[in-house]
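The following exercises are meant for a reader who is new to this structure. Each task is followed by a solution in steps.

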Amino acid sequence: MMRLGLILVPVAVALAGTPEGKAALEEGDYGKARREFEAAAKEGDHEAQFHLGEMYRRGLGVKASPPLALTWYRAAAEGEHAGAIGELGILKWNEGDEEGCRTLLQRSAGAGYARAQYALAYCFVSQPMVERAEWYRKAAEQGHADAQKRCADMLKEGIAGGKPDLEAAEAWYRKAAEQGHPEAFACIARLLLDRKEHGEAIEWHRKAALHGNFLSQHLLALAQLKLGYYAESWAWAKVGSTPRLCWPPSGDIETKLYAGYADSLKDTLKKARRYTKADQAREGEKLFKEYKKQIEEALEKGLPWEPVY
């Protein structure tokens, strides 16, 4: 289950329904969680109000309702609840109100809400890189998976001041990978390849591919083809040629990359088929089914962080 951001703003003494609601939320008993939070929220418990807002925003055990989420966030924000203030800021970003968003995110991030810290760095790209890096670091230290990956990117390239620090970058990539970040696995693989640790690099690309990373799926198909492992190559090429078995592209550059690799995978699939013997074809189909199952399970869990858009 995706962890909710830490809330560091003191709130009024929690009413009985709040701890029980949190426990039910962790166990996936959303019906009980909603009942407990509603009882406490109606008595003015700001943390319960925030969690109700979260449930209605994310559709946890209820039909997603942005208006109800907004109502509860506003109620919690009246009590200076950092999480609620941060979510109101993100809503303003999605409405196109950048200045209102920045004001609320700065209040929330300063109080320690990880998603607001991440959003400040992610959304406001015109601010100095050093400031963005600092917000990413603060969110990363609270366990935000994508902030951890972006901290690693900055350290690897040395773009936030100072020289590249590959050791520190790898440490953050590994923390993100522990949470299942589909790009972090591939980033570790590339660092290992730079160190000529090819065997371990292939294993990390395999982990990335099994978490829906289409670049790693493509690379594995090509690598196995060159090595003469045609069944394995065929299986990965078929995986990479199946759109629902990878995370969709998230931007223009990634979309172009995806289209190019998709064409390459079709060519790899044809070559692997041409070289594959009957027994290898059966093995390739078996591997494809195994990979397909694992990837579908990974994709079903969703990303280990919530996008802010």
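## Exercise 1: The setting of E232

E232 is found in helix α14, which covers residues 230–240. The model is a predicted one.

Task: Determine whether E232 is buried or exposed, and state which residues E232 touches, not counting residues up to four places away in sequence.

Solution. Step one takes the relative accessibility of E232, which is 13%. Step two compares this value with the cut-off: a residue is buried when its relative accessible area is under 20%. E232 therefore counts as buried. Step three lists the contacts beyond four places in sequence: R206, Q224, L287 and Y291.

## Exercise 2: Helix α16

Task: Compare the span of helix α16 with the expected span, and establish which of its residues are buried and what covers them.

Solution. Step one notes that α16 runs over residues 278–301 and has 24 residues. Step two compares the spans: from first C-alpha to last, α16 reaches 35 Å, close to the 34 Å expected at 1.5 Å a residue. Step three names the buried residues of α16, which are G284, L287, F288, Y291, I295, A298 and L299. Two of these names, L287 and Y291, also appear among the contacts of E232. Step four turns to the cover over these buried residues, which includes α12 (198–210), α13 (214–227) and α14. Just after α16, G302 takes a positive phi of about 85 degrees.

## Exercise 3: The nonpolar cores

Task: Identify which residues touch the most other members of the largest nonpolar core, and which helix gives the most to this core.

Solution. Step one considers the 65 residues of the largest core, in which F37, L105, Y118, Y136, Y173 and W204 touch the most other members. Step two assigns the leading contribution to helix α11 (residues 182–194), with eight residues. Step three adds a second, separate core of 19 residues, including A209, L225, W236 and I295. In soluble globular proteins, nonpolar side chains tend to be buried together.

## Exercise 4: The cysteines

Task: State how many disulfides a search of the whole structure finds, and examine C187 and C246.

Solution. Step one gives the result of the search: zero disulfides. Step two takes C187, whose nearest cysteine sulfur, that of C151, is 13 Å away. A disulfide would need the two sulfur atoms within 2.5 Å, so C187 is in none. Step three takes C246, whose nearest cysteine sulfur, that of C187, is 17 Å away. Step four considers burial: C187 counts as buried at 5% relative accessibility, and C246 counts as buried at 6%.

Definitions and conventions. Residues numbered from 1 in each chain as written. Predicted model: local features only at pLDDT ≥ 70, side-chain atom pairs only at ≥ 80, totals over all residues. Heavy atoms only, no water. Buried < 20%, exposed > 50% of the residue type's maximum accessible area, 1.4 Å probe, protein only. Core = buried A, V, L, I, M, F, W, Y, C linked by side-chain atoms within 4.5 Å. Helix = DSSP H or I, 4+ residues; strand = E, 2+ residues; numbered from the N terminus. Contact = heavy atoms within 4.5 Å. Expected span 1.5 Å × (residues − 1).
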